[in-house]
Amino acid sequence: MYQYNRSNFHKNTFCVFKHLTLEEAAEIEFVHKSKSGSEYFFTNEGVYRKSNHWGRVANCRWKLVSISQEKINNHLPQIGYASWNEFFNNEESKPLYFIFQDDLGNFDFYHKEHSFFKDKFALRNASECSKVMKELKLVEQTDDWAKYINIVDLEETRNWLINELLTSNSNLTSLKRKLLH
């Protein structure tokens with residue numbers, strides 16, 4: 001496996017940074033500032049990043065996730081930490097990504113090299129993952145998808161659809177067709 005470090009982590013990588021509160025990051029003295037204004041502090045184990053822009057970052061996709069239920073305000077500078085072994089090659093057109101539902105019920109996509117990847121998850125490219133995540137949100141939060149389908153148990157069908165969207169390469173339209181037959 002390719003090893004990332006302070007000299008190459010910013011070159012076409014995918015990474016999920018763990019959000020830190022200001023209190024948790026109070027002792028960090030950022031030593032490098034990028035052209036876009038992000039600040040970095042490097043250790044042998046990983047990197048701390050302070051920035052007001054996450055998601056697509058140049059040719060990288062860097063996500064910031066909170067382990068608590070608190071929402072992250074992306075308009076204010078936020079601090080995240082990632083170990084070097086949490087950086088992966090970002091080739092968005094290749095099926096390297098899977099969608100995962102966390103313990104809080106949130107859906108997000110991750111690189112197949114993440115430690116919690118299982119063979120049961122469907123692999124997709126980044127664009128397909130974004131589309132399926134919209135479908136998952138629709139299925140989870142509304143009943144609009146159930147129009148014109150004769151359903152005995154709405155929650156059981158909802159759970160089946162979510163599982164199929166996570167574990168197969170089917171989209172919502174094709175799964176609804178299956179339900180009609």
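The questions and answers below deal with helix packing, salt bridges and nonpolar cores in a predicted model.

User: Are helix 1 and helix 2 roughly parallel or roughly antiparallel?
Analyst: Two packed helices are described by the angle between their axes and the distance between the axes. Here the axes of helix 1 (residues 126–141) and helix 2 (residues 154–167) come within 10 Å and cross at roughly 170°. Angles over 145 degrees count as roughly antiparallel, so helix 1 and helix 2 are roughly antiparallel.

User: How many of the residues in the contact of helix 1 with helix 2 are nonpolar?
Analyst: Helix 1 brings Val132, Glu135, Leu136, Val139 and Glu140 to the contact, and helix 2 brings Arg158, Leu161, Ile162, Leu165 and Leu166. Of these residues, three are charged and none is polar. The nonpolar ones number seven.

User: Which residues does Leu136 contact, leaving aside its neighbours within four places in sequence?
Analyst: Leu136 is one of the helix 1 residues in the contact with helix 2. With those sequence neighbours set aside, the contacts of Leu136 are Ile99, Phe107, Ile162, Leu165 and Leu166.

User: Which element gives the largest share of the largest nonpolar core?
Analyst: This core has 24 residues, and Tyr97, Ile99, Phe109, Leu136 and Val139 have the most contacts inside it. Strand 1 (13–20), strand 9, strand 10, helix 1, helix 2 and helix 3 (172–180) each give two or more residues to this core. The largest share is five residues, and the element that gives it is helix 1.

User: How many residues are in the other core, the one with Tyr4 and Val47?
Analyst: This core lies apart from the largest one. Its residues include Tyr4, Val47, Cys60 and Ala82. The number of residues in it is 15.

User: How many residues apart in sequence are the parts tied together by Arg56 and Glu92?
Analyst: Side chains of opposite charge can pair when their charged atoms come close. The structure holds seven salt bridges, and one of them joins the side chains of Arg56 and Glu92 at 2.5 Å, N to O. Arg56 lies in strand 5 (residues 55–57), while Glu92 is in the loop between strand 8 (87–89) and strand 9 (97–101), so the pair ties together parts whose separation in sequence is 36 residues.

User: Is Arg56 buried or exposed?
Analyst: Its partner Glu92 has a relative accessible area of 17%, so Glu92 is buried. For Arg56 the relative accessibility is 54%. Exposed means over 50%, so Arg56 counts as exposed.

User: Where does the Arg61 that pairs with Glu92 lie?
Analyst: Glu92 also forms a salt bridge with Arg61, with the closest N and O atoms 3.1 Å apart. Both Glu92 and Arg61 are buried. The two are 31 residues apart, and the place of Arg61 is strand 6 (residues 60–65).

User: Is Lys63, the partner of Asp108, buried or exposed?
Analyst: The side chains of Asp108 and Lys63 meet in a salt bridge of 2.5 Å, N to O. Asp108 is in strand 10 (residues 107–111) and Lys63 in strand 6, 45 residues apart. Asp108 has a relative accessibility of 18% and counts as buried. Lys63 has a relative accessible area of 11%, so Lys63 too is buried.

User: Which residues are joined into one network by salt bridges that share partners?
Analyst: Glu92 pairs with Arg56 and with Arg61. The network therefore consists of Arg56, Arg61 and Glu92.

How values were computed:
Residues numbered from 1 in each chain as written. Predicted model: local features only at pLDDT ≥ 70, side-chain atom pairs only at ≥ 80, totals over all residues. Heavy atoms only, no water. Axes fitted to C-alpha atoms, helices over the stretch in contact; angles between N-to-C directions. Helix = DSSP H or I, 4+ residues; strand = E, 2+ residues; numbered from the N terminus. Parallel < 35°, antiparallel > 145°, perpendicular 65-115°, else oblique. Contact = heavy atoms within 4.5 Å. Nonpolar A, V, L, I, M, F, W, Y, C, P; charged D, E, K, R; others polar. Salt bridge = Lys/Arg side-chain N within 4 Å of Asp/Glu carboxyl O. Buried < 20%, exposed > 50% of the residue type's maximum accessible area, 1.4 Å probe, protein only. Core = buried A, V, L, I, M, F, W, Y, C linked by side-chain atoms within 4.5 Å.
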